[in-house]
Every structure is written in structure tokens, then in C-alpha cells.
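Work through the exercises below with the sequence and the structure open. Each task is followed by a solution in steps.

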Amino acid sequence: MLFERPSTGERAVLVHVDFSSRDDCEDPREFEELVVSAGGVPVAFLTGRRAAPDPQFFIGTGKLEEIRQTIADQQAELVLFNHALRPSQERNLERELKCRVLDRTGLILDIFAQRARTYEGKLQVELAQLQHMSTRLVRGWTHLERQKGGIGLRGPGETQLETDRRLLRERIKSINARLDKVRVQRKQAGRARQRAELPSISLVGYTNAGKSTLFNAITQADVYAADQLFATLDPTLRRVKIPELGPVLLADTVGFIRHLPHKLVEAFRATLEQVTDADLLLHVVDCAAEERDTNIYHVINVLEEIGADNVPRLDVFNKIDLPGMSPRIDRDEQGRPVRVWVSAREHKGLDLIAQAIAELLGRDIIAGDILLEPSKGRLRARLYAAGAVISEALRDDGSALLSIKMPALDFQRLATSEQLSAEALLRH
């Protein structure tokens with residue numbers, strides 16, 4: 001990675017301002033959780049109210065002096081704003097406060113940098129960081145804003161700042177080229193899954209809603225799950241067999257958050273294709289959260305931004321650990337499942353999730369008996385590989401009577417690839 005973080009936590013002063021001109025403000029409690037997730041040590045939380053941000057410092061001179069005094073009293077090393085700051089505002093604040101200043105976007109980027117584990121994830125985080133840094137590069141280089149000079153340093157007249165900007169552009173171009181290769185590989189893998197006739201399901205939801213815990217409960221996997229924001233960054237895929245439907249591919253994806261930085265959405269486009277290409281989205285919701293409805297609203301906004309708002313969605317209301325709540329399925333007027341209430345931690349209601357998935361993805365399920373001659377051994381093997389065979393009875397002449405159940409489209413594809421008629425097979 002290009003950016004290294006200190007291994008220990010940093011003493012940070014947190015700043016949150018409510019603006020009367022804005023209806024959709026950030027959540028101060030969530031901001032504090034973000035800071036702790038990043039490894040910061042909050043030593044003070046300053047709040048205030050303004051009609052609108054100050055163009056120069058974002059805050060007023062009185063609040064600026066209060067922050068300066070708090071830094072001195074608490075021996076803080078960092079000031080974090082629960083807002084998006086302009087590059088000029090960051091520079092002005094750092095000059096006045098004599099310490100590092102970071103906005104909400106930079107904080108989220110830092111958390112993503114810590115969480116990335118795969119090659120693709122690290123590339124995507126670095127791309128987002130570089131794009132964010134490119135607008136703030138002048139910071140720290142003002143003393144070099146002149147042409148190089150001196151023995152061995154005389155060159156074509158490029159300033160140090162111009163050199164750094166050029167290097168950043170070249171690095172961004174290189175990362176984009178690598179991510180393009182990742183996208184090609186992902187599409188090839190998607191085509192392979194289609195040939196294997198596996199429906200794909202993606203878990204989406206607000207960060208810390210319990211997606212990874214639910215993923216582990218359904219798949220018996222051991223994906224990292226923790227009570228912190230953005231515990232999962234890199235997508236994980238597992239093959240799962242759903243009763244009454246057959247095998248599906250289940251993906252655990254990165255959590256969303258309100259006002260997810262646009263640079264991150266763009267950088268994680270390759271990973272988020274896992275969501276846009278899914279046959280069904282399981283939208284995991286922390287039903288016990290005070291901001292439940294607001295979180296749902298922000299997740300849907302992100303889905304719209306990445307072009308996944310038209311993908312069929314099943315809401316999974318997780319964390320029904322409160323007394324008086326029990327697993328259930330809510331349905332619409334047509335009887336289709338729209339919401340399932342579960343507890344992933346206590347493994348309650350998982351069978352209802354499987355039932356709802358089977359109903360939503362198995363509307364065009366075929367079920368019946370087919371008779372296969374001994375020469376159709378390859379078709380028999382493929383039916384078993386697809387998890388479609390319920391039972392089998394062998395006859396004296398070597399033929400096999402198979403009782404099958406699978407999506408009609410998959411059965412049609414399978415029969416066509418074997419140059420057979422699906423209707424004729426079912427008539428046997």
C-alpha cells in the first residue's frame with residue numbers, strides 16, 4: 001500500500017456542526033463509532049450550530065479558538081470533522097490549529113485501507129485515496145512550490161508539486177488498468193457461474209447490520225464478523241444448497257453508510273458488480289437500531305447509485321433478540337415474501353430465509369420424473385452436479401428413473417446443451 005498508518009491509536013478531537021440549512025445531517029454517534037473503528041482515541045467531542053459553513057474555516061472563529069484550546073488541554077494529535085471539507089478549508093484549519101485535520105471522507109478511506117485484505121480490495125482503496133489526495137496535494141509542499149535548482153537538480157523546469165501530481169496521475173492510470181483486468185476476470189467468472197446454472201444472491205445492508213454473522217450462519221463459514229463499522233470489506237462467496245430450490249451462490253459484500261464517499265463508490269465498482277449482477281438481494285437490516293428507517297433509506301440510495309435498484313430484493317430484519325419478537329415472514333398482497341424477521345446470532349429464522357428465497361427464485365420450478373437410458377450418463381451426472389436429483393430408481397434394462405426438481409430455465413439449458421428436448425424428457 002502507498003499509505004502507512006501508525007500502529008497505535010491517535011488522540012483525536014471530534015467536531016460535529018448542525019446546520020439549519022441542511023435537512024440530512026450526519027449522525028454524531030455513528031461518527032464516534034467510525035473514529036473508534038479507525039483506531040482513534042476520542043478525547044473530546046465538540047458540537048455547535050451554524051446557519052451555513054464558513055467558506056474559509058467551515059466553522060466560526062469562536063469554535064476555532066475552542067478547538068485550539070482543546071488540542072492544547074488534551075494533547076491531541078488530530079482533529080476529525082464529521083463533514084466533507086474542501087481542500088482549502090483543510091489547509092486553513094491545519095495552518096491555524098498546527099495539527100492534522102481530516103474530514104469524514106478521509107476517515108472512511110482510512111478505515112477501508114485497514115480492512116482491505118485482497119489484492120483487488122487494496123487496489124480499490126489505494127485508487128480512492130489517490131483520487132482524494134490529488135485535490136489536497138498542495139498541503140505540505142508549499143515550501144517546494146518552485147523549480148528545482150542546485151547542483152544535480154537542474155532539470156526541465158518542473159516544480160516539485162507538478163512532479164508529484166504527475167506521479168499521482170500515472171499511479172491512478174496504472175491502478176485503473178489493473179482493475180480493468182479484474183473486471184474482465186469477474187465477468188468471465190460470472191459467465192462460468194451461468195454455465196453452472198447457479199443463481200446468485202448478494203447480502204447488502206448498512207454497515208454493522210449483521211451481514212457477516214448471517215452469512216456465517218447460513219453457509220457455516222468462518223468469515224470475520226465483529227461489532228464494528230466496515231468489519232467486512234472484501235467480498236466472500238460460498239455455494240449453499242437451498243431446500244426446494246437447489247444450490248445457489250451467496251456473496252457477503254461491503255456495508256453501506258450514509259453519504260458513502262463517491263470516490264469509494266467509483267473505486268469499488270468492480271466489487272459492487274457482485275451486487276448489480278445478482279438474481280436476488282438480501283437487504284440485511286438491524287431492526288433494533290434507532291436509525292433503522294434512515295439506514296434503509298441510505299442503503300436504497302446507494303443501490304440506486306450503483307444501478308442495482310431494479311434487482312429483486314428481500315428485506316431481512318436481523319437482531320430480533322428483544323423479548324416478544326419471533327421469526328416470521330411478511331408478505332405483500334400477492335403473497336410474495338417481502339420481509340423475514342430473524343436473529344443471525346441465535347440462528348433463529350434461517351429456515352424462513354431459505355423458504356422465502358426458494359419462493360422468490362423458484363417461481364418457475366419444474367418437478368417430475370425423467371427416464372434416462374444408459375447412454376445418457378453425462379446428463380445424469382450433470383443433474384446430480386446441479387443438485388436437482390431428489391431420488392433415483394434403476395431398472396433392469398440399465399435405465400434410470402430420476403425424480404428431479406430445479407429451475408425450469410436451468411433444465412431447459414441443460415437439455416439443449418445435450419441436444420435433447422426438455423418436454424420429451426419429462427414425458428418419458
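**Exercise 1.** Find which residue lies over the face of Phe 317 in this predicted model.

Solution. The residue is Arg 339, at 5.1 Å from the ring centre. For a charge to sit over a ring, CZ of Arg must be within 6 Å of the ring centre and within 35 degrees of the ring normal.

**Exercise 2.** Classify the pair formed by Phe 19 and Phe 58, then find which further ring joins the cluster.

Solution. A pair of aromatic rings is described by the distance of the centres and the angle of the planes.
1. For Phe 19 and Phe 58 the values are 5.3 Å centre to centre and 85° between the planes, an edge-to-face pair.
2. Phe 19 belongs to strand S1, whereas Phe 58 is in the loop between strand S2 and helix H2, 39 residues apart.
3. The centres of Phe 58 and Phe 81 are 6.1 Å apart and their planes stand at 90°, so this pair is edge-to-face.
4. Phe 81 is in strand S3, so its pair with Phe 58 ties together parts 23 residues apart in sequence.
5. Ring pairs thus link Phe 19, Phe 58 and Phe 81 into a cluster.
6. Relative accessibility is 3% for Phe 19, 2% for Phe 58 and 0% for Phe 81. Buried means under 20%, so Phe 19, Phe 58 and Phe 81 count as buried.

**Exercise 3.** Decide how the buried residues of helix H1 are arranged about its axis.

Solution. The buried residues are Glu 30, Phe 31, Leu 34, Val 35 and Ser 37. Seen down the axis of H1, they fall within an arc of 160°, so they line one face of the helix. Just after H1, Gly 39 has a positive phi of about 95°.

Definitions and conventions: Residues numbered from 1 in each chain as written. Predicted model: local features only at pLDDT ≥ 70, side-chain atom pairs only at ≥ 80, totals over all residues. Heavy atoms only, no water. Buried < 20%, exposed > 50% of the residue type's maximum accessible area, 1.4 Å probe, protein only. Helix = DSSP H or I, 4+ residues; strand = E, 2+ residues; numbered from the N terminus. Arc of directions from axis to C-beta. Phe/Tyr/Trp six-rings, centres within 6.5 Å; stacked < 30°, edge-to-face > 60°.
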